[in-house]
Amino acid sequence: LKIEQKRFSLRKDGVTFCPDRPPHLLGSLTGFYNEITKEELQELFPEMESGGRIRPPDCVQKQRMAIIMPYRNRFPHLHIALHNLIPFLKRQQADVTFFVIEQAPGSTFNRGALLNIGFLEAEKLGNFDCYIFHDVDLIPLNDKNLYRCESDPRHYAVAMNKFNFKLFYSGYFGGVVGFSREQFLKVNGNSNLYIGWGGEDDDLLKRLYNKKYTILRHPTTLSRYFMLKHTRDKGNEANPLRMAILNGALKRQDIEGLNTVKYKVINITLDPLYTWINVSINTTE
Ligand code: UDH
Ligand code: NGS
C-alpha cells in the first residue's frame, strides 16, 4: 500500500520520480569476474554515500531498497559481486543500500538468522520499502531482471550456471529473493533453526505460501546468474536435521522467526561501499 501511494504522488519541489521502466538497461551482460580491491571499487564508484547507498542523480526512486548479504570469510566474492551489482543497480535507477551481515567465528553458519538480523538492523537505520536477500557469490547476467518489490515476493535467481540455467526444482527459492517490508513481516521472516547448510530457503517458501502469497519469477532468459566457484565452507556443514525441521515448518511460523532471532551486534561500520554489521549468534541457545 505504501508503495502504491508513492507511485502516484508527485513532489512539490519539482523533482521527478524515476520512470517505472529504467531507460538505459542493456539486457544481457557478460559480467566482471576478476578480483578487485575495496579501494579500486571506491575509485570506480565515488558517488556511493556512506554506508553503501547509491541513488539516481536525476530522479527520485519511489522504492528505497536494502540489499542484505549473509557473509563469512568470502572477501573476494563480496567485492566481485559488488563490482557487478553497483553498475547493474545504477542502470536500474535503484535507491539502494548494501548491508553485509557477518557472522562472527565460533558458531555454525546460520543463513536464515543472518537474513533476519539484516532486516531488523536495516529497519533501525533507514526507511526501506523493499528488501533483497542476496548471496555474495551470485552475479546477475541480465539487467532487465529488475530489483523491485511488487505484490508478492520474487525469486530472482531462477537460472544459474551451476544448474544449466534452469530452475533446479519447482520449489527452489534460494540465492536471491525479494520481499517488501510488509511481506517479510507477514511471513515472520526466516526460521532461525537451520544451523549449517540447507533447508532455510525451502522453509521460507512454505511460510510465504502459508500466508497466501505466490512467488513471482521472470523467464529464465532474464533471471540468469553466474555463481562464483568456491569449495564447501568450513563451519557450514550440511545440517543432518534439516528435513525433520522442515516437516514442522508451518506450525512454528508465527512463534519462531523474525520475532525470536537472538544475536548480539559486535560492531557496525558505515563504509563507503556497505554498512558492515558484525554479529554473534549463539547457536547453542
Ligand atoms: N556464506 C558465507 N560464508 C560461509 C557460508 C555461506 O558468506 O561460510 C554466505 C554467502 O553469501 C553464500 C550464502 O551464504 O553465498 C549461501 O551459502 P551456501 O554455502 O548455503 O550456498 P552456496 O550456494 O554453496 O554458496 C553451496 C555449496 C555446497 C552445497 C552442495 C550440496 N549439494
Ligand atoms: C536443496 C536444499 C536447499 C538448497 C538447494 C540448492 O536440496 O536449501 O538444495 O543447493 N534443501 C534442503 O536441503 C532441504 S545448492 O546446490 O545451491 O547448494 O538451497
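Helices (at least four residues) and strands (at least two) are DSSP runs, and they are numbered from the N terminus. With those names in hand, Asn 73 can be placed in the loop between S2 and H3. The model described here is predicted, and its chain contains 8 helices and 11 strands. The points below go from the whole chain to its core, then to helix H3 and the loops beside H3, and finally to the surroundings of the two ligands.

**The chain as a whole**

- A compact globule of 285 residues would have a radius of gyration near 19 Å, and because the chain has 18 Å, the two values agree.
- Along its principal axes, the C-alpha trace of the chain spans about 55 × 40 × 40 Å.
- Of the 285 residues in the chain, 43% count as buried.
- When contacts with a separation of 6 or more are considered, 85% of them in the chain join residues that are 24 or more positions apart.

**The largest nonpolar core**

- In soluble globular proteins, nonpolar side chains tend to be buried together.
- The largest nonpolar core here has 64 residues, and the members that touch the most others are Ile 68, Phe 99, Ile 101 and Tyr 131.
- Helix H3, which covers residues 75-91, provides the largest share of this core, with 8 residues.
- Which residues does Ile 101 contact, once its neighbours within four places in sequence are left aside? They are Ile 68, Met 69, Pro 70, Tyr 71, Leu 114, Ile 117, Gly 118, Ile 277 and Val 279.

**Helix H3**

- The 17 residues of H3 reach 25 Å from the first C-alpha to the last, which is close to the 24 Å expected at 1.5 Å a residue.
- The buried residues of H3 are His 77, Leu 78, Ile 80, Ala 81, Leu 82, His 83, Asn 84, Leu 85, Ile 86, Phe 88 and Leu 89.
- These buried residues of H3 pack against helix H2 (38-44) and against four strands, namely S1 (53-54), S2, S3 (95-103) and S5 (138-140).

**Positive phi values in the loops beside H3**

- Most residues other than glycine have a negative phi.
- Asn 73, in the loop between S2 and H3, has a positive phi near 55° although this residue is not a glycine.
- Gln 93, in the loop between H3 and S3, likewise is not a glycine and has a positive phi of about 55°.
- Is Asn 73 buried or partly exposed? Asn 73 has 13 C-beta neighbours inside 10 Å, and therefore counts as partly exposed.
- Gln 93, by contrast, counts as buried because 24 C-beta neighbours lie inside 10 Å, where 20 or more are needed for that label.

**Around ligand 1**

- There are 16 residues around ligand 1, and those that come nearest are Arg 72, Asp 135, Val 136, Asp 233 and Asn 236.
- Strand S2 (residues 64-71) gives the most to this shell, with 3 residues.
- By class, the shell around ligand 1 is made up of 6 nonpolar, 3 polar and 7 charged residues.

**Around ligand 2**

- The residues around ligand 2 are Phe 168, Gly 174, Gly 198, Gly 199, Asp 201, Asp 202, Arg 242, Met 243 and Leu 246.
- Helix H6 (200-210) and helix H7 (242-247) each supply at least two residues of this shell, and H7 gives the most, with 3 residues.
- The shell around ligand 2 divides into 3 nonpolar, 3 polar and 3 charged residues.

Conventions: Residues numbered from 1 in each chain as written. Chains lettered and ligands numbered in written order. Predicted model: local features only at pLDDT ≥ 70, side-chain atom pairs only at ≥ 80, totals over all residues. Near = placed C-beta within 6 Å. Nonpolar A, V, L, I, M, F, W, Y, C, P; charged D, E, K, R; others polar. Rg over C-alpha atoms; globule rule 2.2 N^0.38 Å. Buried ≥ 20, exposed ≤ 12 C-beta atoms within 10 Å, placed from the backbone. Contact = placed C-beta atoms within 7 Å. Core = buried A, V, L, I, M, F, W, Y, C linked by C-beta atoms within 7 Å. Expected span 1.5 Å × (residues − 1).
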